[in-house]
Amino acid sequence: MRKRLGKSTDKKDGIVKKSMDVLKKSSENEKRKKDMRKLEKKSRPKGYRAKKLGAFTFWMLFLFMLLIVFVNIFSTSGNSNAGEKTENIKVNKALAAEGVEFSKDFVSEYFTWNIGDKDQEQRVEKLSYYLPKEINAQAVIADKQWKSTIAREDIILKEVEDLADNRARITFQVKINFENFAAGQGKKENDKKSEKGLVVPEKIETVKYISVPILYDDEERRFAVYELPSFTYLDERKIDESIESETEGLKPIKDGSTQNVRAFMETFFEAYANDSKDKLTYIVEDPQHQNGLNQTMSFVGLKNTEIFEGKKANEKIVKTDVVLAEPKTGIEFTSTYILVLAEREMRYTVLFVNNKQYIDELKDKEIANVEKEMDMEGEKDN
C-alpha cells in the first residue's frame with residue numbers, strides 16, 4: 001500500500017511541476033514581448049505618431065473625395081438623361097394662341113376681295129405673307145362678278161387638331177357676305193336714291209366651315225399656311241340632354257344650419273357686388289376673387305340654393321343661382337356660383353369661389369371611403 005501511494009504522489013508532483021514550468025515560460029515570454037515593445041517605442045523616430053495619423057487622415061480624405069466624384073458622375077448622367085427626356089418632349093407651337101390668331105387673319109384675307117385685276121394683284125401681295133409662293137396664285141379668287149366681305153367676329157374657332165412637328169389644322173365656322181352688282185343691274189328700289197339710277201346688288205349671306213393647315217417654322221420663327229385651306233362640315237346639334245352638375249353626388253345638408261347659410265349668402269353677394277377689395281378680404285380667403293364684382297353688376301337676389309357637406313365638419317359647399325343686374329340698363333342676368341364656406345368663430349368665410357379642384361378631391365375622398373367600407377364588409381363575410 002505504501003508503495004502505491006508513493007507512486008501516485010510522484011505522478012501528481014510531476015504534473016504540477018510541468019504546469020509551473022509552462023506558466024513560468026509564458027510569463028517570461030510576455031515579459032520579453034513587453035520589453036521588445038518598450039525598445040521599439042524608444043527606437044521610433046520623433047513625429048512617428050503624427051506621420052501615422054497624417055497617413056490615416058490622407059487616405060480618409062482620399063476616399064471621401066472619390067465618393068464625391070462618383071456621386072457627381074452619376075447625378076450628372078441622371079440630369080443629362082432627364083434633360084434628354086425634356087428635350088424629347090416638344091411643344092407644338094402651332095397649337096398656341098398665336099397660331100390660332102394667325103389662321104384667323106389668313107381666313108379674313110382669304111374671304112375678302114373686290115372685282116378687278118388690280119384687286120387680284122393686291123390680294124396676291126397680301127396672301128404672300130401667309131402662303132408659299134407656289135400655291136399663292138391658286139388661292140386668289142378670279143371671280144369677275146361677285147365681291148366678298150367677312151367680319152372678323154364672324155370667324156369662329158371650332159376645332160384645333162394636333163398634327164405634330166409644329167403643325168396643326170385649325171377649323172373655323174365663317175359667315176361670308178357675297179355681293180353681285182352685275183346681277184342687280186337695271187333693278188331699282190322704290191326710293192328717291194334708286195330714281196337717280198343707283199344699282200341694287202344681289203346679296204347672299206352664307207355659312208361655311210373651313211380648315212386651315214398651319215405650321216410654325218423654328219428657323220424663320222414664323223407661322224405659315226403650308227397648303228391651301230379645305231372646306232369641311234361640322235354637325236352641330238342642339239344640346240338636348242342634361243349634363244351632370246359638379247355638385248352631383250355630394251351629401252346635401254337639410255338641418256337647421258341651412259338658414260344661417262342662406263342669410264350669409266344674401267349678405268355676401270351684396271358685399272361681393274359692391275364692396276372694395278379691402279373689405280372683401282375679411283370674408284373672402286380665395287385670392288383670385290377678392291376683387292369681387294367692383295360695382296360692375298348689382299345684386300338682385302338668389303334662386304335655387306343647395307347646401308352640401310364639405311371636406312371637414314366646419315366646411316360647407318353652396319351652389320346657388322345669383323340674379324345680377326347691369327347697373328346702367330337694369331338688364332338682369334342669372335349666374336351660377338359654387339362657394340366653399342368655412343365656419344370659424346361663429347361666422348362664415350368664403351374659402352373658394354367656383355373651385356372644381358376642391359369638389360373633385362371631396363368626391364375622391366368619398367369614393368375611397370366607400371371602397372374601404374366595402375372591403376371591410378368583404379372581410380367580415382369571409
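**Helix H4 and the E7-E8-E9-E10 sheet**

The buried residues of H4 pack against helix H3 (97-110) and helix H5 (133-139). The model discussed here is a predicted one, and its protein chain has nine helices and ten strands.

Q: What makes Asp119, Arg123 and Leu127 of helix H4 count as buried residues?
A: A residue is called buried when its relative accessible area is under 20%. Asp119, Arg123 and Leu127 are the buried residues of helix H4, which spans residues 117-127, and therefore each of them falls under that cut-off.

Q: Why are the buried residues of H4 said to lie on the same side of the helix?
A: The directions from the helix axis to their C-beta atoms define the arc, and because this arc is only 65° around the axis, the buried residues are placed on the same side of H4.

Q: Which exposed residues does H4 carry on the face turned away from its buried side?
A: That face carries Asp117, Lys118 and Glu121. The word exposed requires a relative accessible area over 50%, so these residues of H4 exceed that value.

Q: How do you know that strands E7 and E8 pair?
A: Pairing requires at least two bridges between two strands. Nine bridges join E7 (residues 298-309) to E8 (residues 315-325), so the requirement is met, and the two strands run antiparallel. Among the bridge partners, Phe299 is matched with Leu324 in E8, and Glu309 with Lys316 in E8. E7 and E8 form a hairpin, with five residues between them.

Q: What is the order of the four strands in the open sheet?
A: The order is E7-E8-E9-E10, with antiparallel pairing.

Q: Why are E7 and strand E10 called edge strands?
A: E7 and E10 (347-353) each pair on one side only, and they are therefore the edge strands of the sheet, given that a pair needs at least two bridges. Neighbouring strands of this sheet are turned by 35° against each other on average, direction ignored.

Q: Which strands does helix H7 touch where it packs on the sheet?
A: Helix H7 (residues 257-274) touches E7, E8, strand E9 (332-344) and E10. Touching here means heavy atoms within 4.5 Å. The direction of H7 makes about 145° with that of E7.

Q: What share of the 382 residues of the protein chain counts as buried?
A: The share is 28%. As for the surface, the protein chain exposes about 28200 Å², of which carbon and sulfur atoms supply 53%.

Methods
Residues are numbered from 1 along each chain as its sequence is written. This is a predicted model: local features need pLDDT of at least 70, side-chain atom pairs count only at pLDDT 80 or more; totals for chains, interfaces and linings use all residues. Side-chain values use heavy atoms; hydrogens and water are left out. Buried means under 20% relative accessible area, exposed over 50%, partly exposed in between (1.4 Å probe, protein chains only). Accessible areas come from the Shrake-Rupley method with a 1.4 Å probe; for residues, only the protein chains shown count as cover. Axes are lines fitted to C-alpha atoms, for helices over the stretch in contact, and angles run from 0 to 180 degrees between N-to-C directions.
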